[in-house]
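Reader: Please go through the ligand site and two individual residues of this entry. I would like short reasoning and a definite value or name at the end of each answer.

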Amino acid sequence: MEPEVRPPRETAIGRRVFLGLATFGTAGVIFGSQIQGWLERNVGPILAKDPTGLLQLLPIGNFRIYSVTTDLPDRSRAQYRLTVKGLVEREIVLTFDELQAMPRTRLVRDFQCVTGWRVPEVEWAGVRLADVLDRAGVQTEARAVRFVSFDGAYSESLTLPQARRSDVIVAYEMEHAPLSREHGGPARLYVAPMYGYKSCKWLDTIELTRSVEPGYWEQRGYSVDGWVGHSNHRDDERTS
Ligand SMILES: Nc1nc2c(c(=O)[nH]1)N[C@H]1C(S)=C(S)[C@@H](COP(=O)(O)O)O[C@H]1N2
Ligand SMILES: [Mo]
């Protein structure tokens, strides 16, 4: 059963470590060896100094940190670039500062992975994807959007109407803190109404296309329409 108690917003432990902590306490996730190493170096010492063992019970995360590569890509906010290309009026490359200067939006939603874990009421902040698309200008032939990660492996896709929803954002903050490297920082896609796999981490390129090009997990059997509760590959009689 999931604990009902939520930790106070203010805590002596940094948010980053806090999330890492919860991750560390989660069994059954396949980590790349380097992720495991990072957690052991950064989180292990804190757990070791906690004689009560209570820290391990903090009910925060329940997030699993996923990467389809054996590494966690690393890019600072200063190094970060977001490219919008393909069927656009003008290709654009946004710096982090340019992204952050755009109208800010906030969402509080449950985060749910298709494999069954869910994190209730996660707060996200960022920029509406629709605003980013408008900045480049979408050509009339464009019907879909493809997202590519700078991890060199992951991709995702949405139809243009899905991409224009107000609950689809380029997120750069999570739970009032800069989006951490583990969670896909400096910026990731966050598709609130769909399963986690649609929310491409370490977002690098947004490409406007003529039709939907299935992404990494979609090529491996997940539904292209990832609506929570509707297109889980385990209840696929309800796919649209
Ligand atoms: N680049 C990239 N994005 C990704 C993934 C990934 O492996 N690589 N995993 C997806 C899946 S299946 C889920 S459930 C969420 C998990 O987000 P988290 O690692 O922040 O918990 O990221 C999604 N985005
Ligand atoms: Mo997932």
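Author: The questions below concern a predicted model, starting with the ligand and moving on to single residues.

Reader: How many residues surround ligand 1, and which class has 11 members in the shell?

Author: The shell around ligand 1 holds 20 residues. Among the closest are Arg64, His183 and Lys201. Sorted by class, 5 residues of the shell are polar and 4 are charged. The count is 20, and the class with 11 members is nonpolar.

Reader: Which domains each give at least three residues to the shell around ligand 1?

Author: The shell is not drawn from one domain alone, as two of them each supply at least three residues. These are domain 1 (15–67) and domain 2 (81–231).

Reader: Which residue offers a side-chain N or O atom 2.6 Å from an oxygen atom of ligand 1?

Author: Arg64 can be set aside, since a polar backbone atom of Arg64 is what lies 2.4 Å from a ligand oxygen. Ser199 also takes part through a polar backbone atom, 2.9 Å from a nitrogen atom of ligand 1. The side-chain partner at 2.6 Å is His183.

Reader: What share of the area that ligand 1 exposes when taken alone does the protein bury?

Author: An oxygen atom of ligand 1 lies 2.4 Å from the backbone of Arg64. Taken alone, ligand 1 exposes 530 Å². Of that area, the protein buries 98%.

Reader: Is Ser149 buried or exposed?

Author: Ser149 belongs to strand 5, residues 144–149. Beyond its neighbours within four places in sequence, Ser149 contacts Tyr154, Cys200, Lys201, Trp202 and Asp204. The relative accessible area of Ser149 is 4%. Because a value under 20% counts as buried, Ser149 is buried.

Reader: Which backbone oxygen does the side chain of Ser149 reach at 3.0 Å?

Author: The backbone oxygen of Trp202 is one that the Ser149 side chain reaches, but at 3.4 Å. The one reached at 3.0 Å belongs to Lys201.

Reader: Where is Gly215, and why does it count as buried?

Author: Gly215 is in the segment after strand 10 (203–209). Leaving out residues up to four places away in sequence, Gly215 touches Ser155, Glu156 and Ser157. Gly215 counts as buried because its relative accessibility is 0%.

Reader: How far apart in space are Gly215 and Cys200, C-alpha to C-alpha?

Author: In sequence, Gly215 and Cys200 are 15 residues apart. In space, the C-alpha to C-alpha distance between Gly215 and Cys200 is 9.6 Å.

How values were computed:
Residues are numbered from 1 along each chain as its sequence is written. Chains are lettered from A and ligands numbered from 1 in the order in which they are written. This is a predicted model: local features need pLDDT of at least 70, side-chain atom pairs count only at pLDDT 80 or more; totals for chains, interfaces and linings use all residues. Side-chain values use heavy atoms; hydrogens and water are left out. A residue is near a molecule or strand if one of its heavy atoms lies within 4 Å of it. A polar contact is a pair of N or O atoms within 3.5 Å; within protein, one must be able to donate a hydrogen and the other to accept it, and residues adjacent in sequence count only if both atoms are side-chain atoms. Accessible areas come from the Shrake-Rupley method with a 1.4 Å probe; for residues, only the protein chains shown count as cover. Ala, Val, Leu, Ile, Met, Phe, Trp, Tyr, Cys and Pro count as nonpolar, Asp, Glu, Lys and Arg as charged, and the others, Gly among them, as polar. Domain bounds come from an automatic or database domain assignment. Helices (H or I, at least four residues) and strands (E, at least two) are DSSP runs, numbered from the N terminus. Buried means under 20% relative accessible area, exposed over 50%, partly exposed in between (1.4 Å probe, protein chains only). Contact means heavy atoms within 4.5 Å.
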